[in-house]
Amino acid sequence: MTEAETEARSEDGTGGGRISIGAVSTILDLLVRDLYGADPYLAVRELIQNAHDALMELPGGAGTDRPIRVNVTPGVALPESYIEVVDQGIGMSEEDIRTKLCIVGNSSKLQAENPNLIGKYGIGFLSAFIIADRVEVVTRRRGTSETLHWETRDKENWKIKRLAKHEFAHGTRVRLYFKETYSREYSDRVNTLRDVEGVEEIVRRHCYLIPVPIQVSEVGSAGMTRQVNAQDVPWASDREARSAFRSMFGQRNEPLHIHRFHNPDKKSPHSVSGVLYFRDEISISLAASLHVKKMLVDREVNRLIPSYAPFVQAIIECPELPYDLARRTVKDFDPLYLWVKGVVAKEFEKAFIDFAQRRADDFYALWPNIDNTVISRIINALNFDAESIVPTGERDAAESFVINASRYIPFYVINDRIGAQGQPMWRSIDEMVGTDRRPEGEKSYVYYSESANPIEKEMLLHTYAEIIDVSRAEKKPHQAMLMQMQVYNESFPDFQLSKVHASRFVDVPLEEQMEWRDLVQSINEGIAFKSRQHEVLVERFEPASTAIAITDSRVDQEYLEDLKGQLSAMRNASSDVVLDQLLRTVESMEQKGGILTIHVNANNELMQRLAQSQRKEIAALGAMAVCWRAVLDYYGWNSTRSMITTEKRFTGDLIVSLLETTEVAAKTAERHKQVAAELRDVKLRLSEAAETQEQLELDAFVGVLDMQGSTAGVIGNAASTPMQAVEYLRLFLADIKKFLSNYAQVIGFTGDGLQFYMPKDSSSQRSVYTGLTTGLADRVRTFTERSPEARKIVQDTHFAEPVLRVALAYGKIYVGPVVSGVDLMGLPAVEATRLCASEQLYSDAGAGLLITQSAYNEGTASRLWQASDFALCGKVPLNGLATPVTTFKPT
């Protein structure tokens, strides 16, 4: 490694010689540290590279099937522990050792023309000293009979000897003995190399693409070795690509999409191959693994993939790329590197299109998670300028992507089926263009709107069946993307983007304005916006189905900002109350916007009828209900609680007013019908009574319903008049009778209750139990909500909500004329009547419904209820009956 003679002098005093290195060990340490960063992993990489090249120097390609073995001694920090790399390559002679191994930079590869060789500088062996001071080489040159042993223990002095025993026919074994101690910075990495799994990981990382089998094993282990690098290159098949994805990136989840390519630019003399992997999330690091001649150069090349593809990881191989001496970096601005970068960008463009077309479901599921980042970076690349840090070529790649692939980007789209307020769907421009059948050569128009006003969007949908709704993409840069795409309208082959507005309001002639005066006045009086002015205009616009639309005048933000600055300066110069008020007004306009305009549609039939209605009160309520509904549509999610409450109040008042009006008319007509029916019924019953006195005998359930405390609470209420009490009871019992008619025949009025019966097998199963329990209770609870007359009486008298007692018995009854036209007789009628009159029984049972044993048995057998629906109360004596009656109550 040193020159014995450093100088030779001639007779005339001049001289010359070779520069020698004195402190060889120190200089080697500096070289190793600066070249390789003292990374122990790179030592393994360089030894495998040398082994690969030794195999490639065998004639006839005989080395491709011979494995490279990496052996590791077990355990950590054992004496004489080592890592070694063994190959069956060309081997070295003694001359090779003296002239090449022992002289740094003197390599046969410098003049070699073999394209399969990876190394070329002859310095890779230096990396061995990162790991070891003691290095041992055993080698035998192909075609010779000598096996040589070379060793150094201090990086400067070495020994060589011949071995009697041959380890292999030809080849080389390089063994690095681990040092006793390492610096804290590298001790963890060295420990990784003492473990088989750790070495396997390093080999996969750096040498995965090497076209020679690489096997890793533990010294002294009888276990089987396994190949840790690729069986074939990843771009050969999807199977190999998936295997590489798991091995090189440590990913367990399958990629969403795989795109393989091999020398796609047929016009270029250069070669590049690779695989792009689409992931289900944005990659923070490990974007691309760059290889030169199948050996890793840079594991985290983020600049090689377009910045707008952050969800992509890649494996790229270019055998011609220039790299630094230590094979750790490439030059970013090298022309060949920029060419590779352009190829990768074009392949991503193809992959994006292919993914969107072939894996649409996966694509649409991924897009909402990445669209903000992707679109923002596309826009940044398109707006590249001299001060930008976007790599060279990024803008051209982004322009190509926009022209060829942006049509597959999904946007929020609404159509005439969804409506302005429906849930928008993700839809690409390509899909929109595909449904627009145009003659060949004629472009389709793709419309988008920036409006956040639902009414305005409804107008647009009346004209354009489908539009991109930019306002729905809140906090997403969709609007900016569409604006950028519009710049390239001429480059799109079959579509053109167009931003649309709804500005089709036509004034109503002055002579017609008078017909709308009262309606406009009602709206002005009934609506107000906090800190915002409004105006009401009667106009004609489409669609006619829209009664009222609301728009706002846009505020010039730049003008307001400038005006605010001037006012602030004036206020600082002199205190003025007027200036303070003006400044607050400007700030309010800046925050809230301009004047709101309420457009009343003169083409809308509802608004026309409201304007022409003679019932001015109802017309005003109708106009306000419609207007406040339009306000909620305009503000959407920003609607205040006060707005929502006001809209509900006007709508409720309108409904009540309409119901009162229609109910009065309906009751008048119904009363006429009832009088006529009663007259006919009286005549019929008189005729039948004269002809026969027969009674109907049948088995039936008999029920009695009574109002608890009605005498004291209603009839005897000091706050009510007798007519109010009677009218309230009439309304209530008529409502209950109507409800009971769904299950039974009501035949009698008992003063403050009803009597009814249900013939056996005539009632619908199960509904009877629900009706007599929860159904009847709900009917009582909601009585005043359904009866405005009763509600008014309760407001005047403060009647308490009625509490009912219901009794039900079963047996044989007789129905027919006894005293009046239709009467009911029989033991069940007596039992139900006496049971319902026993108020204390209901209080003790804590129930509103009691049934007899006979009713319980028959109802269970007839499946009107289940046995578990009732619980036994016990036997109770009833007035006038000799035998106590067993009763049950609902559980």
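Which residues form one aromatic cluster with Phe278? Let me read them out: Tyr308, Phe311, Phe348, Phe352, Phe355, Phe363, Tyr364, Trp367 and Phe401 are in there together with Phe278. Before I go on, keep in mind that this is a predicted model.

OK, staying with aromatics for a bit. The count for this model comes to 34 aromatic pairs. Let me pick out one, Phe125 with Trp150: the ring centres are 6.0 Å apart and the planes are at 70°, and since over 60 counts as edge-to-face, that's what we call this pair. Where do these two sit? Phe125 is in the loop between α3 (94–101) and α4 (128–131), while Trp150 belongs to strand β6, residues 147–152. So the pair ties together parts that are 25 residues apart in sequence. And both Phe125 and Trp150 are buried.

Here's another pair, Phe245 and Tyr277. This one is tilted, with 4.6 Å from centre to centre and 35° between the planes. Phe245 comes from helix α7 (residues 238–249) and Tyr277 from strand β12 (residues 273–278), so here the pair links parts 32 residues apart in sequence. Buried or exposed, what about Phe245? Buried, at a relative accessible area of 2%. Tyr277 is buried as well, at 0%.

Now, rings with charges over them. Arg175 has its charged end over the ring of Tyr82, 3.9 Å from the ring centre. Further along the chain there's Arg805, whose charged end sits over the ring of Tyr842 at 5.9 Å from the centre. Hold on to Tyr82 and Arg175, please, they come back in a moment.

Next, sheets. There's an open one with eight strands, mixed pairing, and the order is β7-β6-β5-β8-β4-β3-β9-β10. At the edges you find β7 (158–163) and β10 (226–227); each has a single partner strand, so one side of each has no neighbour in the sheet.

Let's walk inward. β5 (residues 135–140) and β8 (residues 171–177) run antiparallel and are joined by six bridges. If you want a spot to click on, Val137 is opposite Val174 of β8. What packs on this sheet? α3 lies across β5, β6 and β7, and runs at about 165° to β7. Then helix α6, residues 196–207, touches β3 (68–72), β4 (82–87), β9 (214–218) and β10, with its direction at about 165° to that of β9.

I'd like to stop at β4. How many of its six residues are buried? Six of the six. Both faces are covered: Tyr82, Glu84 and Val86 are buried on one side, and Ile83, Val85 and Asp87 on the other. So much for Tyr82, the ring under that arginine. β4 pairs antiparallel with β8 over six bridges, and in β8 the bridge partner of Glu84 is Arg175. That's the arginine whose charged end sits over Tyr82. With β3, β4 is again antiparallel, this time through four bridges, and Arg69 stands opposite Val86.

On to another sheet. This one is open too, has five strands in the order β17-β16-β19-β18-β20, and its pairing is mixed. The edge strands are β17 (425–428) and β20 (495–499), each with a single partner, so each has one side without a neighbour. From one strand to the next, the twist averages 45°. Inside, three bridges join β16 (residues 410–415) to β19 (residues 466–469), running antiparallel, and Ile414 has Ile467 of β19 as its bridge partner. Helix α9, residues 360–382, packs on this sheet; it touches β16 and β17, at about 95° to the direction of β17.

Last topic, the cores. The largest nonpolar core has 69 residues, and the ones touching the most other members are Phe311, Ile316, Phe348, Phe352, Ile429, Ile468 and Met485. Which helix gives the most to it? Helix α8, residues 335–358, with 13 residues. You'll recognise Phe311, Phe348 and Phe352 from the aromatic cluster I opened with. As for Ile468, its contacts beyond four places in sequence include Phe411, Ile429, Met432, Val446, Tyr448 and Leu482. Apart from this core lies another, of 48 residues, with Val72, Leu101, Cys102 and Leu176 among them.

That's my tour, happy to take questions.

Methods:
Residues are numbered from 1 along each chain as its sequence is written. This is a predicted model: local features need pLDDT of at least 70, side-chain atom pairs count only at pLDDT 80 or more; totals for chains, interfaces and linings use all residues. Side-chain values use heavy atoms; hydrogens and water are left out. Rings of Phe, Tyr and Trp (its six-membered ring) pair if their centres lie within 6.5 Å; planes under 30 degrees apart count as stacked, over 60 as edge-to-face and the rest as tilted. Helices (H or I, at least four residues) and strands (E, at least two) are DSSP runs, numbered from the N terminus. Buried means under 20% relative accessible area, exposed over 50%, partly exposed in between (1.4 Å probe, protein chains only). A charge sits over a ring if NZ of Lys or CZ of Arg is within 6 Å of the ring centre and within 35 degrees of the ring normal. Two strands pair if DSSP finds at least two bridges between them. Contact means heavy atoms within 4.5 Å. Axes are lines fitted to C-alpha atoms, for helices over the stretch in contact, and angles run from 0 to 180 degrees between N-to-C directions. A nonpolar core is a set of buried Ala, Val, Leu, Ile, Met, Phe, Trp, Tyr and Cys residues joined through side-chain atoms within 4.5 Å.
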